[in-house]
Amino acid sequence: MPHLAPPSSAPPAVRARGLTKRYGDTLALDGLDLVVAAGTVHAVLGPNGAGKSTAVNVLATLTRCDGGEALVAGHDVRRAPHDVRRAIGLVGQAAALDEVLHGRENLVMFGRLHDLPRRLAEARAEELLAAFGLLDAADRKVSTYSGGMRRRLDIAAGLIRRPELLFLDEPTTGLDPRGRNEVWRAVRQVVARGTTVLLTTQYLDEADQLADRITVMGAGRVVAEGTSGELKSRLGADRVIVTPAADADLAPVAAAVGGLVNPDQHRVTVEAGPAGGTAALVSVVRALDGAGLAVADLQLRRPTLDEVFLHLTAPEGAAR
């Protein structure tokens, strides 16, 4: 589940305003504004080409923006890139691990590359292997690891210097459901230990599971932002779907519950009021019981993040 945000008085981990970046004729970032609260998971969603990876590259000082400004962990990405790099960890789409080395050797190597003394690098490696459930595989070559294990080790490598902010760029792409769940647990552990996570993903359920706040990007700019619940509410209220028996008349059911008939799908839809879907479901059950009507199925249907995503990122001019 998403984590509770820290007090609003805490300075944001990221504050970006008006970021622009052009590659030839392509405007990858078109005035991007982004604020990431410290101590939270902030997900950035968007279709391919929306500018997600470009935004991460700019904020992680891998790419210079053409315009706008950004503070990461309190440091200006243009004026103080070295300070930004000391404060962040970055896990890209492709694993940065050496498959010939063992898991422990990889983490010690990353520690040494970050100028940690050997003893400190070894101690930090041991701590991270334990935290991510990799101690049993620590002395095996990474080439023998499953996809989920490699990704957890990759995230551990990004935490070797205890960063204030960890960038995760599409961390579960290509993983099976077990591997994705392993990575999700790892992300929750990271935030529980005080590190802010900025996550880019194309998986809507991933953002739903992990993110305290979600930014939806399209064509290099923000098209919507809010919690998962706030974004879902844009598509309207919850609905109760009543499916009578196959040979039943829909009209009496619709009259009893005050719903709309959908003859093509042989069901009645009841829009939930301000009290929410649970209250509507209880009301429908009581109405059906009072009218003596039996039904084949009864569902509480909430807008999904997938529907929100498709609605918000539809091409201009497409029906929404």
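Q: Why is Arg162 called exposed?
A: Its relative accessible area is 54%. Exposed means over 50%, buried under 20% and partly exposed in between (1.4 Å probe, protein chains only). Arg162 is over the exposed cut-off, so the label holds. This is a predicted model: local features need pLDDT of at least 70, side-chain atom pairs count only at pLDDT 80 or more, and totals for chains, interfaces and linings use all residues. Residues are numbered from 1 along each chain as its sequence is written, and side-chain values use heavy atoms, without hydrogens or water.

Q: What makes the phi of Arg162 notable?
A: Phi is positive, at about 55°, yet Arg162 is not a glycine. Most residues other than glycine have a negative phi. Arg162 sits in the loop between α5 and β7 (165-169). Such element names come from DSSP runs, numbered from the N terminus: helices are H or I of at least four residues, strands E of at least two.

Q: Why does His266 count as partly exposed?
A: Its relative accessibility is 22%. That value falls between the buried and exposed cut-offs, so partly exposed is the right class. His266 also has a positive phi, near 50°, in a residue other than glycine. Its loop runs between β12 (260-262) and β13 (267-271).

Q: Why is Arg180 called buried?
A: A relative accessible area of 14% is under the buried cut-off, so Arg180 is buried. It belongs to helix α6. Not counting residues up to four places away in sequence, Arg180 touches Thr172, Leu175, Tyr203, Asp205 and Glu206. Contact means heavy atoms within 4.5 Å.

Q: What class does Val222 fall in, and why?
A: At 30% relative accessible area, Val222 lies between the two cut-offs, so it is partly exposed. Val222 is in strand β10 (residues 221-226). Beyond its neighbours within four places in sequence, it contacts Leu32, Asp33, Thr215 and Val216. Val222 and Asp30 are 192 residues apart in sequence, but 8.9 Å apart in space, C-alpha to C-alpha.

Q: What makes a set of residues a nonpolar core?
A: The members are buried Ala, Val, Leu, Ile, Met, Phe, Trp, Tyr and Cys residues, joined through side-chain atoms within 4.5 Å. The largest such core has 50 residues, of which Leu107, Phe132, Ile155, Val197 and Ile214 touch the most other members. Helix α6 (residues 177-192) gives the most to this core, with six residues. A second, separate core has 25 residues, including Ala13 and Leu34.

Q: How do you know that β4 and β5 pair?
A: Pairing needs at least two DSSP bridges between two strands. Two bridges join β4 (residues 67-72) to β5, so the criterion is met, and the strands run antiparallel. Val72 stands opposite His75 in β5. The open sheet has four strands in the order β2-β1-β4-β5, with antiparallel pairing. Its edges are β2 (26-36) and β5 (75-76), each pairing on one side only.

Q: How are the lining residues of the largest pocket divided?
A: Nine are nonpolar, five polar and five charged. Asp, Glu, Lys and Arg count as charged; Ala, Val, Leu, Ile, Met, Phe, Trp, Tyr, Cys and Pro as nonpolar; the others, Gly among them, as polar. The lining has 19 residues, with Ile88, Leu90, Phe110, His114 and Ala157 nearest the pocket centre. A pocket is an open set of points on a 1 Å grid over the protein atoms alone, where a 1.4 Å probe fits, with protein on both sides within 12 Å along at least five of seven lines; lining residues have an atom within 4 Å of a point. Strand β6 gives the most to the lining, with four residues.
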